[in-house]
Amino acid sequence: MRRFHTVIPFLFVLSACGATMPLSTNEPATFTPVIWKENTPVATRAADQQACYLAAVGAGPFTTQEELAELVALADQDVNRKKAFVDRCMSNKGYTVTEGRVCTARDRARGRLVQGSATDNLPPLSSVSCFDPQAGGFVVT
């Protein structure tokens, strides 16, 4: 019998799905959800987000993979409630929960793309000009 911790990385990858795709330069600005805490390691943010997600679906330390699948299916019936719980949980941990503008090709050409896995600590949010969900990163100028 496998424990839920074997699916945690998989759940985090799924939580990134559904982000808005980058735009062409002729389209109006689109926004994507952003959870940010300056000087926080990306791995720490991911672990905090996973913990909040597991709490949102009601998983405990001894939840089996089968039970977790059932909990996730039930929670998916009320996506807005689950998102609100995770956002509140992350906010309680000191994160800024907001939206950021999705990068255009022009934005990427004017700044430097930093992929989330390529940075140890998150820079100040004020230094980020836009977010690129497709590349899993953000542009700083």
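Me: How many helices and strands are there in the chain?
Reply: This is a predicted model. From the N terminus on, its elements run α-β-α-α-α-β-α-β-β-β. That gives five helices and five strands.

Me: What share of the residues in the chain is buried?
Reply: Buried here means under 20% relative accessible area. The chain has 141 residues, and the buried share of them is 36%.

Me: What is the distance between the end C-alpha atoms of H2, and why does it agree with the expected span?
Reply: H2 covers residues 42-57. Its 16 residues, at 1.5 Å a residue, should span 22 Å. The model agrees, because the end C-alpha atoms of H2 are apart by 23 Å.

Me: Are H2 and H4 parallel or oblique to each other?
Reply: The axes of H2 and H4 come within 9 Å and cross at roughly 135°. Angles over 145 degrees would count as roughly antiparallel, and 65 to 115 as roughly perpendicular. The crossing fits neither range, so H2 and H4 are oblique.

Me: Which class of residue has nine members in the contact of H2 with H4?
Reply: H2 brings residues including Cys52, Tyr53 and Ala56, while H4 brings Phe85, Val86 and Met90 among others. Charged residues number four, and one residue is polar. The class with nine is nonpolar.

Me: Which residue just after H2 takes a positive phi?
Reply: H2 ends at residue 57. Val57 is among its buried residues. Just after H2 comes a phi of about 90°, and the residue that takes it is Gly58.

How values were computed:
Residues are numbered from 1 along each chain as its sequence is written. This is a predicted model: local features need pLDDT of at least 70, side-chain atom pairs count only at pLDDT 80 or more; totals for chains, interfaces and linings use all residues. Side-chain values use heavy atoms; hydrogens and water are left out. Axes are lines fitted to C-alpha atoms, for helices over the stretch in contact, and angles run from 0 to 180 degrees between N-to-C directions. Helices (H or I, at least four residues) and strands (E, at least two) are DSSP runs, numbered from the N terminus. Angles under 35 degrees count as roughly parallel, over 145 as roughly antiparallel, 65 to 115 as roughly perpendicular and the rest as oblique. Contact means heavy atoms within 4.5 Å. Ala, Val, Leu, Ile, Met, Phe, Trp, Tyr, Cys and Pro count as nonpolar, Asp, Glu, Lys and Arg as charged, and the others, Gly among them, as polar. The expected span of a helix is 1.5 Å times one less than its number of residues. Buried means under 20% relative accessible area, exposed over 50%, partly exposed in between (1.4 Å probe, protein chains only).
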